[in-house]
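Dear colleague,

Here is the structure I promised to hand over to you. Please open it first, and then read my notes below beside it.

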Amino acid sequence: MHSFGYRANALITLGVTVLALMCAMASLSDNLNSPTPSAQVQVLNVNWFQKQRNGNEEVSLTLNISADLQSMFTWNTKQVFVFLAAEYETPKNSLNQVSLWDDIIPSKERAKFLIHTTNKYRFIDQGSNLQGKEFNLTLHWHVMPKTGKMFADKIVMTGYRLPEEYR
Amino acid sequence: MDWQGQKLAEQLMQILLLAFAAVSFGTGYVLGSFQMMMLIYAGGVVLTTLVTVPNWPFFNRHPLKWLDPSEAEKHPKPQQQQAVSSKKKPAKK
């Protein structure tokens, strides 16, 4: 510690190491939080259901998506990324997941919402599997921290069904 | 800085940084504000820099006693044996 540069170096090194420890502790503190989210999706209307020329089927839905994700926000949360996926089974694949809508929630105040929308991304299946199909709508979320570990979870909502015939 | 001063500077640096880390983390956690934690810690780093890095006088309270220069001249360093012995020219008077 016998020169200015020596002490400045020691201070910066110790300062950054201690900062890293504080960020690790902040991330660990997220585990103390037990979130209680809730969500509900209503399919208000099947706008159309067509078979395209290349053999794919496409559906357009109007949805009411409502959720309360406020309990997921901690002091170490930067934003929550949430998306809604339609999940169903076909003879070829045991699980198909199609993302219909997503959004970024930047703050706790915006985490309780009701969205009335058509599907943001196209609901397309390759083949003729969607007629009369029963499917689940699953709301997935990723809690993105300011520092540290990201948490991801989901709520599965069952009981949705596509029409038998094209319209 | 003398030896005692260096030890004092190092101890002060460690204690100040750890104390500010604890205070800033506690305050940030209780207030629920990550930004508050970072601001308090940054302030603490600046304060610690001002206290420990410059060569303040209170770090030099036990100065080292160097040998007095006039004393050192009386005891010259031993000459190397390979050196050619200097012939002193007889003084012409």
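Before the first finding, one term is needed: a polar contact is a pair of N or O atoms within 3.5 Å, and within protein one of the two must be able to donate a hydrogen and the other to accept it. Please also keep in mind throughout that this is a predicted model.

With that cut-off in hand, a good place to begin is Glu58(A), whose side chain makes a polar contact with the side chain of Gln52(A) at 2.5 Å and another with the side chain of Arg122(A) at 2.9 Å. Glu58(A) belongs to strand 2 of chain A, which runs over residues 56-68. Is Glu58(A) buried or exposed? Its relative accessibility is 6%, and because buried means under 20%, Glu58(A) counts as buried. If residues up to four places away in sequence are set aside, Glu58(A) touches Trp48(A), Phe49(A), Gln50(A), Gln52(A), Arg122(A), Phe123(A) and Ile124(A).

The pairing of Glu58(A) with Arg122(A) leads on to the salt bridges. Side chains of opposite charge can pair when their charged atoms come close. Over all chains, the structure holds four salt bridges, and in one of them the side chains of Arg122(A) and Glu58(A) meet, with 2.9 Å from N to O. Arg122(A) lies in the loop between strand 5 (112-118) and strand 6 (123-126) of chain A, while Glu58(A) is in strand 2, so this pair ties together parts that are 64 residues apart in sequence. Whereas Glu58(A) is buried, Arg122(A) is exposed, with a relative accessible area of 54%.

A further salt bridge joins the side chains of Asp102(A) and Lys120(A), again with 2.9 Å from N to O. This pair links distant parts of the chain, with Asp102(A) in strand 4 of chain A and Lys120(A) in the loop between strand 5 and strand 6, 18 residues apart. Asp102(A) counts as buried at 15% relative accessibility, and Lys120(A) as partly exposed at 48%. Glu164(A) forms a salt bridge with Arg161(A), where the closest N and O atoms are 3.0 Å apart. Through shared partners, salt bridges join Glu134(A), Arg161(A) and Glu164(A) into one network.

Next come the nonpolar cores. The largest of them has 32 residues, and those with the most contacts inside it are Leu69(A), Leu84(A), Phe123(A) and Leu137(A). At least two residues of this core come from each of strand 1 (38-51), strand 2, strand 3 (77-88), strand 4 (96-105), strand 7 (134-145) and strand 8 (151-161) of chain A. Another core, of 13 residues, lies apart from it and includes Met13(B), Leu17(B), Phe34(B) and Met37(B). To follow Leu69(A) itself, look for its contacts beyond four places in sequence, which are Pro37(A), Val82(A), Ile105(A), Ala111(A), Phe113(A) and Trp141(A).

Turning to chain B, you will find three helices and zero strands, and 22% of its 93 residues count as buried. The unreviewed UniProt entry annotates residues 12-32 and 38-59 of chain B as "transmembrane region". In the model, residues 12-32 are 95% helix, with end C-alpha atoms 29 Å apart, and residues 38-59 are 68% helix, with end C-alpha atoms 30 Å apart. Leu16(B), in helix 1 of chain B, has its C-alpha atom 7.5 Å from that of Gly44(B), although the two are 28 residues apart along the chain. Leaving aside neighbours within four places in sequence, Leu16(B) is in contact with Thr48(B) and Val51(B).

Lastly, how many residues does the contact take from chain B and from chain A? The contact takes 26 residues from chain B and 20 residues from chain A. The area buried between the two chains is about 2000 Å², of which carbon and sulfur atoms give 82%. On the side of chain B, Phe25(B), Phe34(B) and Val53(B) lose the most area to chain A, together 33% of what that side buries. Between the chains the count is zero salt bridges, but three residue pairs are found in polar contact across the interface. Helix 1 (3-31) and helix 2 (34-52) are the elements of chain B that give two or more residues to the side touching chain A, and helix 1 gives the most, with 12 residues.

With best wishes

Terms used. Residues numbered from 1 in each chain as written. Chains lettered and ligands numbered in written order. Predicted model: local features only at pLDDT ≥ 70, side-chain atom pairs only at ≥ 80, totals over all residues. Heavy atoms only, no water. UniProt positions renumbered as here; feature names shortened; annotations may be inferred. Helix = DSSP H or I, 4+ residues; strand = E, 2+ residues; numbered from the N terminus. Buried < 20%, exposed > 50% of the residue type's maximum accessible area, 1.4 Å probe, protein only. Contact = heavy atoms within 4.5 Å. Core = buried A, V, L, I, M, F, W, Y, C linked by side-chain atoms within 4.5 Å. Buried area = accessible area lost by both parts, 1.4 Å probe.
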